[in-house]
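Student: I have a multi-chain model open. Can you show me how to read its chain contacts?

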Protein chains: 4
Amino acid sequence: MADRIKLGMVGGGRDAFIGGVHRIAARIDDKYELVAGALSSTPEKSQASGADLGLDPSRVYDDFRQMAIREGRLKAGIEAVAIVTPNHMHVPAALEFLRRGIHVICDKPLAATLTEAKRLARACERSDALFVLTHNYTGYPMVRQAREMVAAGDLGAIRVVQVEYPQDWLSTDLEASGQKQAAWRTDPKQTGAGGSTGDIGTHAYNIARFVTGLALEELAADLSSFVEGRQVDDNGHVMLRFKGGAKGMLWCSQVAPGNENALRLRVYGDKGGLEWSQEDPNYLWHTPLGEPKRLITRAGAGSGGAAGRVTRVPPGHPEGYLEGFANIYTEAAEAILAAREGRKPSGEVTFPTVTDGVEGVAFVDACVRSSQMGARWTKLRM
Amino acid sequence: MADRIKLGMVGGGRDAFIGGVHRIAARIDDKYELVAGALSSTPEKSQASGADLGLDPSRVYDDFRQMAIREGRLKAGIEAVAIVTPNHMHVPAALEFLRRGIHVICDKPLAATLTEAKRLARACERSDALFVLTHNYTGYPMVRQAREMVAAGDLGAIRVVQVEYPQDWLSTDLEASGQKQAAWRTDPKQTGAGGSTGDIGTHAYNIARFVTGLALEELAADLSSFVEGRQVDDNGHVMLRFKGGAKGMLWCSQVAPGNENALRLRVYGDKGGLEWSQEDPNYLWHTPLGEPKRLITRAGAGSGGAAGRVTRVPPGHPEGYLEGFANIYTEAAEAILAAREGRKPSGEVTFPTVTDGVEGVAFVDACVRSSQMGARWTKLRM
Amino acid sequence: MADRIKLGMVGGGRDAFIGGVHRIAARIDDKYELVAGALSSTPEKSQASGADLGLDPSRVYDDFRQMAIREGRLKAGIEAVAIVTPNHMHVPAALEFLRRGIHVICDKPLAATLTEAKRLARACERSDALFVLTHNYTGYPMVRQAREMVAAGDLGAIRVVQVEYPQDWLSTDLEASGQKQAAWRTDPKQTGAGGSTGDIGTHAYNIARFVTGLALEELAADLSSFVEGRQVDDNGHVMLRFKGGAKGMLWCSQVAPGNENALRLRVYGDKGGLEWSQEDPNYLWHTPLGEPKRLITRAGAGSGGAAGRVTRVPPGHPEGYLEGFANIYTEAAEAILAAREGRKPSGEVTFPTVTDGVEGVAFVDACVRSSQMGARWTKLRM
Amino acid sequence: MADRIKLGMVGGGRDAFIGGVHRIAARIDDKYELVAGALSSTPEKSQASGADLGLDPSRVYDDFRQMAIREGRLKAGIEAVAIVTPNHMHVPAALEFLRRGIHVICDKPLAATLTEAKRLARACERSDALFVLTHNYTGYPMVRQAREMVAAGDLGAIRVVQVEYPQDWLSTDLEASGQKQAAWRTDPKQTGAGGSTGDIGTHAYNIARFVTGLALEELAADLSSFVEGRQVDDNGHVMLRFKGGAKGMLWCSQVAPGNENALRLRVYGDKGGLEWSQEDPNYLWHTPLGEPKRLITRAGAGSGGAAGRVTRVPPGHPEGYLEGFANIYTEAAEAILAAREGRKPSGEVTFPTVTDGVEGVAFVDACVRSSQMGARWTKLRM
């Protein structure tokens, strides 16, 4: 076995949510070893968080810049860094590591503004380091299966794409209570101009693009802020027109009671349809036109190679969110190891990159502009 | 028991679909007796169809005008007529009966054009006869339950309404094969300017209105005709803005493989949500914010008075499409009997009327206009 | 159209439950006309109930024997009678009509005792009249589909049959409250020796037999009366051994909270499996070994001739309990009309007969005996 | 953070299935470090497997006895060992480690024979080391939730327990093909006297016991071997009688096409019911008598402390099989660390122990004996 990849982390200290997810995801397939961290912008909290994780105190940093400089100079410094801060910190942090040749694994959305996102994209072009965006839902085996089936033509020419991501946790003004996750996700300075569109709409958009391979022509959006005083959208209604003629609808909401993380994708072509739901991720409905609906299960009959490559346990033993997330980390590990060894990665590289990240931010930007202009048809500024 | 209502029928001969449904619906609660018919515009077919149904040959007519005249003069002529023709014939037929004081039970959409729909509305105002539109999905007990819960404030202020009605039967150019149902439903002269919007979008729109009680402010629509050569839309994407600030999305499609009659309504307020699906009509999900989801079943615990009034059998014994349809007929019967007896109907009168019908046609009209103007926000011309 | 069959009814007056179901079932396809009734053993209630139904008062009787005698002599007397009384009255009533050549449509179970059941079977042999037992669940289209698939060998050799029918309505001692349905169904004198086994276990047993065609070799039963003071079983656990080697389990319960009428059948052979649930009757899962599960829908793709013959409306428009019940009535009507006209019935005659009824009572009898002997393997006394 | 627990593994080399699951489970919460292994009884394979896992070659052993001796003497030898061999090797391996004070984490069932199981239980009594049995399904959060609700009296007095675990992977004689998993699991010398009863019936029995807390009084079993030539049962039908009067049914099968790992538990008391399915593990149905069914979701509303303690991610982001398995490992780690530090474990210790293991083997033994005696009621020989 190759040596595990030495990993640092920016953000993810005590009270954070997504940092712990990244750490488990990195651990599941044993390809990474967390050795350093700038876990909080508060030095004491960073140190305490590092101690929780068993890190060597000398490699727990007060800020990411210090970490990038020091780790970049260490003989056995980190090879990769996971950036799990609020959105507006993604780019400044990533730039520091990229310029030192340290691979970046970054949470989504890529940036709080399109300008920054593009700046990061240019930096990626100049760097030898890899940039991986954790649009984790693309890591689910049955999402890979769906993509493989569309690519194989099982659905024929795609006509209609219905994607939605409703939640309910912001049905009240939770941000007023000081809840940390709610606070930064509803603050335009930290989260960007889009609220639900940025936080979950980008996931919905990304998965639709990932599975169908269709490029967007233009969109028409009607965004709302239902909770009084909320500064960003908490509900987005978007109509989509894809190049080549397919049409779609995207709905994201954080004010839909009874919905936890109900990301759901439905794709219809002239030969058949597909339906997938994130909350029941081991199932994929396939409906060939004129035949009974078929329920394809992860690792079960009808499940093909693309899903098989990211599957750990037999059918009927459900894999979940963490395993899907781990698949992104493990595919990134293969690319990092290939880079380390000067070889080409084995297998298809499917993890999302900075390009997907820029497109996600451009999607939010276009939604906001379209909505301001009365849902006018609007193109992405890529 | 009061004497059964003597019923005539226009349309619904051999090869027709919806006529048979109306006849069973009329029979289930034993309130009607079919005694006359102009079942087809082809005289031989009308007679043969009448014989199939055991009608007295002297009361089987070659055309509806003849029937209206003769039955209007008979001492024991029909009190009510069911009109189950293609859309463009609804208004001409209805006018003949209304002017003779014969109650009309008419299939939807009300008319092929908004002009005709309004003409009928005016005729209804001038007539003492009742006009009942069979937006049958409003007859399902759990739709009544949903409406009652919204009205009672169980959901709080409504914010988001997601409604959809996908089918797949027109995924190919079935109309080219001469299939009768496909032929008239895709012919603008018979069906009107809207295809899927008229045939099923009106149902989706109507049920959203019925349950929420919200009035539409404006809509933005993007209609498509995916099947080559098709003259009307077979897919409609519509964004909705309701008076008072609620937002919605409506999707209707006849080209979504795997969907049979997947009408589905989801309503979200600041206190909770509701979800209902026509294909599993005995269930209603209620999701009070911050509590576990609850599955209310027809006639089961949590099911209230509005549902109870239109329920026949105990919980766990499913009622279906025909029973929901029968509920419209039975409520119409009560109104007709009340009219006959010069009294007020007992209970709430909930069946759809000409007003709902005009609004449905105005909805189609607005969708078509909006789509032609690039999904511009458009008001109904009521 | 042939003249409708003149029907009488025994039982089914005010406060009864199943009588109303039979009347709707008889009406749905317009093959019957209810013209006479002995609707209650209380003369006033019988008359009042007859008036509710619009019956001619001269044909409303105080008791079934009087009705059988009078109607048997009338020129246009009833051709058939529906018996919808508590169980112990089925046989005495049926005998009166059978001996006068009046066809009998009888609710299940056939009788309260095996002795009586066999007496009735002998009477049926001696009579020209038909005897139809309303094991209504066999009327569901997808149950017909399942049976057709097993017969066609789609499942291969059957190995395992799992059938269950849980309810919850007798979780408390409802009979103590005087609720009429609970009272007679828990009184051994009216219901027979089996409680849940007789009321719903017979349905479960019947549907397993109907779909698989397997004959029972022996059973081992463990019956319980969980509610204190209850005189009959309210939960039955039964292991089944079929001739030829297949094995099965049957569970019936009236004390399982959350279950309304959750009759569910699962059949597994060496080539595939089937699953069907009464509460979602328009779906049938088919699982060919080594292939994805398929969801066959009523009237949809994959649905064959046997289901099609008992289907009224297109796929996606659910049919329910009443339509399934009506299918038994309509098939009985064809047999009755054929008898009237001295011809063979068209199509397959699939309605349950007295033989199925005797077997159902023998099943209850065997369960009770087995349970008393410590779940000893026990054969039916047919 | 405390130092990670040094872990060895017996079995789990190339071609094995469950070893990889144990390794991920041990890794997810970062409490263990795999440092040694006797991964196969074939020395070359053991070494190659160790290399795959990045183990120090000097700590890869040819057999478990050698590993127990060497690691027991090392200063930094393993503190715990995971035993993931076929069943008949569990006891001989466990004895070697227990006698050297090395904690044992062992796959189920505990042993191939009851004699051996009891021998191991006695050895556990004499050892200071812990013994943990990986009845992993008890690690699912919603199983913990169910147990907590039963204990809190939410269901009232338990009356009926329905548990089943059907699979389909042994529907053909896969063992004849040389497939390794099938071969040893159908060989009585390696697997024990029970086939499906030992492999999956023990899981079903264990989870019913874990959730309800009820002790078994006796059982009556009918076991079958449907596949020709199979030497152990591949289908088990079992009736259960619990102390205190509750009754149950248990079904396990490996010949039920369409079932992957469909472990499902339903518990009914006089106040309500619960339903849980392993393939959809994040949901728990709760049905309080006389109220609508409630769907409790992992980490969502209605989910309590017991579930919360073994939950990693927010509601709507599904956790799966590996996380449930990891919960057993992590609870074992707390007990091991407490032992290391001479303190009491914090929180409730809920992992299954040797006692559960003996009971599982006694369950299989009783099923086999009962079945041989014609399903006679049989007690466990504990």
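Tutor: We will take symmetry, then two interfaces, then the annotated domains.

Tutor: This is a predicted model, so local features need pLDDT of at least 70, side-chain atom pairs count only at pLDDT 80 or more, and totals for chains, interfaces and linings use all residues. Residues are numbered from 1 along each chain as its sequence is written, chains are lettered from A and ligands numbered from 1 in the order written, and side-chain values use heavy atoms, without hydrogens and water.

Student: By what turn can chain B be laid on chain A?

Tutor: Copies are superposed by least squares on C-alpha atoms of residues with pLDDT of at least 70 in both. Here a turn of 180 degrees, with a shift of 0.0 Å along the axis, lays chain B on chain A at an RMSD of 0.0 Å. The two copies are thus related as by a two-fold rotation axis. In chain B, the C-alpha nearest that axis belongs to B:Arg376, 3.7 Å away.

Student: How many residues of chain B are in contact with chain A?

Tutor: Contact means heavy atoms within 4.5 Å. By that rule, 44 residues of chain B touch 44 residues of chain A. Of the interface residues of chain B, 100% are also interface residues in chain A, so the copies meet through the same surface.

Student: What area is buried between chain B and chain A?

Tutor: Buried area is the accessible area (1.4 Å probe) that two parts lose on being put together, summed over both. For chain B and chain A this is about 3400 Å², with 59% from carbon and sulfur atoms.

Student: How many salt bridges does the rule find there?

Tutor: A salt bridge needs a side-chain nitrogen of Lys or Arg within 4 Å of a carboxyl oxygen of Asp or Glu. Between chain B and chain A there are 6. One of them joins B:Arg241 and A:Asp222 (2.8 Å, N to O).

Student: And what about chain B with chain D?

Tutor: That contact takes 10 residues from each of chain B and chain D. It buries about 720 Å², 76% from carbon and sulfur atoms. On the chain B side, B:Pro292, B:Leu295 and B:Ala301 lose the most area, together 55% of what that side buries. The rule finds 0 salt bridges between chain B and chain D.

Student: Which feature does UniProt place at residues 143-275 of chain A?

Tutor: UniProt positions use the numbering here, feature names are shortened, and annotations may be inferred rather than shown by experiment. The unreviewed entry gives "domain: GFO/IDH/MocA-like oxidoreductase" for that span. Its end C-alpha atoms lie 10 Å apart.

How values were computed:
Helices (H or I, at least four residues) and strands (E, at least two) are DSSP runs, numbered from the N terminus.
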